[in-house]
Amino acid sequence: MTNAALVLEDGRVFRGEAYGATGVSLGEVVFSTAMTGYQETLTDPSYHRQIVVQTAPQIGNTGWNDEDDESSKIWVAGYVVRDPARTPSNWRSKRGLDEELANQGVVGIAGLDTRTLTRHIREQGAMRAGVFSGSDLTDDASMVEQVKASAQMVGANLAVDVTTDKPYVVEAIGEKKFTVAALDLGIKSNTPRMMAARGIEVHVLPLTSTFEDILKVSPDGLFLSNGPGDPATQDHAIALTREALGRKLPLFGICFGNQILGRAVGRGTYKMRYGHRGINIPVIDVTTGKVAITSQNHGFALEGTPGEEFSSEFGRAVLSHYCPNDGTVEGVRLLDAPAFSVQYHPEAAAGPHDAAPLFDDFVTMMNEAR
């Protein structure tokens with residue numbers, strides 16, 4: 001057994017044993033309340049530069065397979081679990097979770113009290129942290145200094161790290177009905193699949209794309225994906241969004257894309273105390289009062305009051321959804337232009353399917369625009 005420590009910037013130290021790779025990993029410590037879907041969580045680009053704490057006590061029971069990755073690699077900076085599976089048991093499993101973490105150089109820690117750790121994050125807020133093991137496990141003061149010297153999440157431009165290098169196409173399943181340009185801010189694999197199942201040919205484009213690049217694919221709509229970092233850094237994505245709104249190109253955004261649309265129509269964003277991460281988070285549609293249980297992963301949110309109507313350069317808009325747990329704004333809808341967004345994951349891999357019909361709403365919007 002190799003000793004390990006999770007060190008927080010406020011000086012709190014949690015001790016356990018190394019899990020996955022040994023060494024040092026620095027990032028923002030956050031917790032996810034999901035009980036399933038750890039493989040999808042680990043490969044979600046939205047978790048770039050974050051140390052993820054799993055609140056579910058047993059992790060790794062189903063091992064690691066070669067089908068459920070949401071991107072080409074594990075993106076989390078570090079991984080924290082309480083009781084890792086000794087032997088995975090699932091017919092699709094190819095290897096253990098600890099083996100895959102080690103293969104990809106992800107430094108983790110196991111055996112610590114994740115309940116106490118989660119309560120600490122809820123009370124003190126998400127903060128910088130580090131996982132240390134092997135020769136990098138030194139005295140507490142030195143490790144705390146390393147953590148304090150690491151980068152903050154506020155002001156972090158991370159989408160540029162996770163976007164695709166070159167455009168690619170996900171073909172429509174069956175008859176092609178629409179073409180969508182998807183701006184890759186950290187897109188998950190299941191998102192184009194969900195659109196393809198609705199007859200949409202999806203052109204996934206790098207974040208560096210110009211609006212001319214978007215127009216070259218002759219899109220019926222523009223999709224803004226999920227992604228990591230501070231939305232205040234995304235001047236280019238916001239400018240592309242404003243261009244699309246000005247041309248009344250149907251637009252749908254999720255997660256990071258919700259914050260991009262919000263900023264494009266004049267709303268501010270702020271860093272949440274500890275964010276929403278998990279697959280069991282309720283959201284209320286202010287128009288219908290309907291509740292959806294959603295998959296979420298965000299540490300920033302839009303400013304405003306749920307249900308608030310406001311004027312923008314592109315006409316009237318409304319803050320359309322909110323989380324009843326804390327009142328956080330969870331959606332924007334333009335009333336005079338074909339555009340809407342939500343702060344959660346309708347592709348929900350893993351997670352509930354309550355929000356999947358939002359892709360149908362996007363189809364309806366593109367159909368009406370024709």
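How many salt bridges does the rule find across the interface of domain 1 and domain 2? In this predicted model, the rule finds two salt bridges across that interface. One salt bridge that can be named in the structure joins the side chains of Arg193 and Glu70, with a distance of 3.9 Å from N to O, a value that falls under the criterion of a Lys or Arg side-chain nitrogen within 4 Å of a carboxyl oxygen.

The two domains themselves come from the domain assignment of the chain, which places domain 1 at residues 3-149 and domain 2 at residues 159-369. Taken over C-alpha atoms, the centres of domain 1 and domain 2 are separated by 28 Å. The interface between them can be summarised as follows.

| Interface item, domain 1 and domain 2 | Value |
|---|---|
| Residues of domain 1 in contact | 25 residues |
| Residues of domain 2 in contact | 22 residues |
| Buried area | about 1900 Å² |
| Share of the buried area from carbon and sulfur atoms | 46% |

Besides the salt bridges, 13 residue pairs are found in polar contact across the interface of domain 1 and domain 2, with both residues of each pair at pLDDT 80 or more. On the side of domain 1 that touches domain 2, strand β3 (24-32) and helix α3 (114-124) each supply at least two residues, and by class this side has eight nonpolar, 10 polar and seven charged residues.

A separate description comes from the UniProt record, an unreviewed entry, whose annotation "domain: Carbamoyl-phosphate synthase small subunit N-terminal" covers residues 2-132. In the model, the end C-alpha atoms of residues 2-132 lie 11 Å apart, and the span is 18% helix and 35% strand.

Methods: Residues numbered from 1 in each chain as written. Predicted model: local features only at pLDDT ≥ 70, side-chain atom pairs only at ≥ 80, totals over all residues. Heavy atoms only, no water. Domains from an automatic or database assignment. Contact = heavy atoms within 4.5 Å. Buried area = accessible area lost by both parts, 1.4 Å probe. Polar contact = N/O pair within 3.5 Å; in protein donor to acceptor, adjacent residues only side chain to side chain. Helix = DSSP H or I, 4+ residues; strand = E, 2+ residues; numbered from the N terminus. Nonpolar A, V, L, I, M, F, W, Y, C, P; charged D, E, K, R; others polar. UniProt positions renumbered as here; feature names shortened; annotations may be inferred.
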